[in-house]
Amino acid sequence: MPYFPLYLDHLGYVGWQIGAIVGLQPMLRWTSALGWAHVADRWRVRRRLLVLAGLCGALAVLPLLAVRRFAAVAAVSMAIGLVHGPIIPMLDATVIDHLPRLGGDYGRLRLWGSVAFVVGALASAPLVGRFSSAVVPVLLLLAALPLAPALARLPREQAALAGRSPAAWTLLTPPLRAFLTTAFLLQVSSGAWTGFFAVHTTSLGFPDTVPGLTWGLAVIAEIALFFWGARLVERMAPSQLIVVVLVLTAVRWALTAVTRSAPVVVALQTGHAITFSAFHLASILLLSRLVPAENRTGGQALYGGIAFGLGGATGLALAGALVDRIGTSRVFALEAVIALGALVPAVRLRRLVAA
């Protein structure tokens, strides 16, 4: 996926066309996830839907081998987003349902997603270099084909009985609303890091290798935190950990805004392990308590849709609208303020959970 925008550029698309196709993906994935999640919880068919999503995802990638026109590629990309969207929340819900059987440590299971991202990106690089970005659809198809058989080996059982699950959007209790608001604001504050970090390092005169090195170190830090994260959540309640994450994230963005030293800027971004990994670990554990077991898939879909879908898209749009006007440093400073603003619902969340 990191090379997909390069493939669109290879097809001759202009910037707005690439932005439209890539930008639609998060919203499509997480919006569709809510509908799939409701069906999965209501009729207890989560594993069947996972296998179906895996199969449909592979079929949806196939046309990318042939289509070239913007409208056709956009339609195929939308189809991929709609059918792949529910996989992550349904997979997380399955893990939480069977966590004791799977070793009891969510972080050490989740880190394999991060490892796979690194392996996929590194293995794709020489292939893209040798065959050009035209090879990207083939690589996406090769990754999609074994997904359904792997998903078919997941446990079939779900928590609670069929027919007792209300729609996920009916479960917005005060603690869940406070949590979702916090998650939304945290992702909004990450817009400059997600979309414009390379622009920031270029504006500071750093070498072109800095963004790649930084992202590599950030993902390594992410994996390390997932590996040892169980010790962290044993010592600190999830709602308390979220407050700590927000404070450290605000410090990270503020220092990124004012620092002009390349080694310091790179070192600061290992804080991705806090902003993403620690927050995600706390969120998964917190959701298992805030959402009834019979609605677990829907709770995961709500979290992903509000945080990574709506929050991620809003953060990118906000950073994109401001970066040319005020510069990347001031955008990072603004996002430090947004991260601090997230403390308001986070503190309320901690009080509600404690009560």
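Buried residues account for 49% of the 355 residues in the protein. The model is a predicted one, and the tour below goes from the whole chain to single residues.

**Whole chain**

Show the cartoon first. The secondary structure amounts to 17 helices and 0 strands. Turn the C-alpha trace along its principal axes: the spans are about 55 × 50 × 30 Å. The radius of gyration is 20 Å, which agrees with the value near 20 Å for a compact globule of 355 residues. Of the contacts between residues at least 6 apart in sequence, 83% join residues at least 24 apart.

Switch to a surface next. The accessible surface is about 16,300 Å², and carbon and sulfur atoms hold 69% of that. For the charges, colour the 27 positive and 12 negative ones; their mean positions lie 4 Å apart.

**The largest nonpolar core**

Select Leu-176, Phe-179, Ile-242, Phe-279 and Tyr-303. Within the largest nonpolar core, which has 38 residues, these five touch the most other members. Now add the elements that give two or more residues to this core: α5 (87–97), α9 (174–188), α11 (209–235), α12 (238–258), α14 (272–290), α15 (296–326) and α17 (343–354). Which element gives the most to this core? The answer is α14, with 10 residues.

Zoom in on Leu-176. Apart from neighbours within four places in sequence, Leu-176 is in contact with Leu-171, Leu-287, Leu-290, Val-291 and Leu-302. A second core, separate from the one just shown, has 23 residues, including Tyr-13, Ala-74, Val-83 and Leu-141.

**Helix α5**

Select α5. This helix is mostly covered, with 9 of its 11 residues buried. The buried ones are Ile-87, Pro-89, Met-90, Asp-92, Ala-93, Thr-94, Val-95, Ile-96 and Asp-97.

**Val-353 in α17**

Go to Val-353, in helix α17. Is Val-353 buried or partly exposed? Its relative accessible area is 35%, so Val-353 counts as partly exposed. Beyond its neighbours within four places in sequence, Val-353 is in contact with Ser-239, Leu-286 and Leu-290. Leu-290 also appears among the contacts of Leu-176. For a long view, draw a distance from Val-353 to Leu-142: they are 211 residues apart along the chain, and their C-alpha atoms are separated by 44 Å.

**Ala-148 in α8**

Move to helix α8 (residues 147–151), where Ala-148 is found. Ala-148 has 5% relative accessibility and therefore counts as buried. Leaving out neighbours within four places in sequence, Ala-148 is in contact with Val-51, Gly-54 and Leu-55. Draw a distance to Leu-50 as well: 98 residues separate Ala-148 and Leu-50 in sequence, but the C-alpha to C-alpha distance is 7.5 Å.

**Two loop residues with positive phi**

Most residues other than glycine have a negative phi. Two stops go against that rule.

Select Arg-44, in the loop between α2 (15–43) and α3 (46–61). Its phi is near 55°, a positive value in a residue other than glycine. Arg-44 counts as buried because its relative accessibility is 15%, under the 20% cut-off.

Then select Ser-132, in the loop between α6 (106–131) and α7 (136–144). Ser-132 is not a glycine, yet its phi is positive, about 75°. With a relative accessible area of 31%, Ser-132 is partly exposed.

Definitions and conventions
Residues are numbered from 1 along each chain as its sequence is written. This is a predicted model: local features need pLDDT of at least 70, side-chain atom pairs count only at pLDDT 80 or more; totals for chains, interfaces and linings use all residues. Side-chain values use heavy atoms; hydrogens and water are left out. Helices (H or I, at least four residues) and strands (E, at least two) are DSSP runs, numbered from the N terminus. Buried means under 20% relative accessible area, exposed over 50%, partly exposed in between (1.4 Å probe, protein chains only). Contact means heavy atoms within 4.5 Å. The radius of gyration is taken over C-alpha atoms; the globule rule is 2.2 Å times the number of residues to the power 0.38. Accessible areas come from the Shrake-Rupley method with a 1.4 Å probe; for residues, only the protein chains shown count as cover. Lys and Arg count as positive and Asp and Glu as negative; His and the chain ends are not counted. The place of a charge is taken as NZ of Lys, CZ of Arg, CG of Asp or CD of Glu. A nonpolar core is a set of buried Ala, Val, Leu, Ile, Met, Phe, Trp, Tyr and Cys residues joined through side-chain atoms within 4.5 Å.
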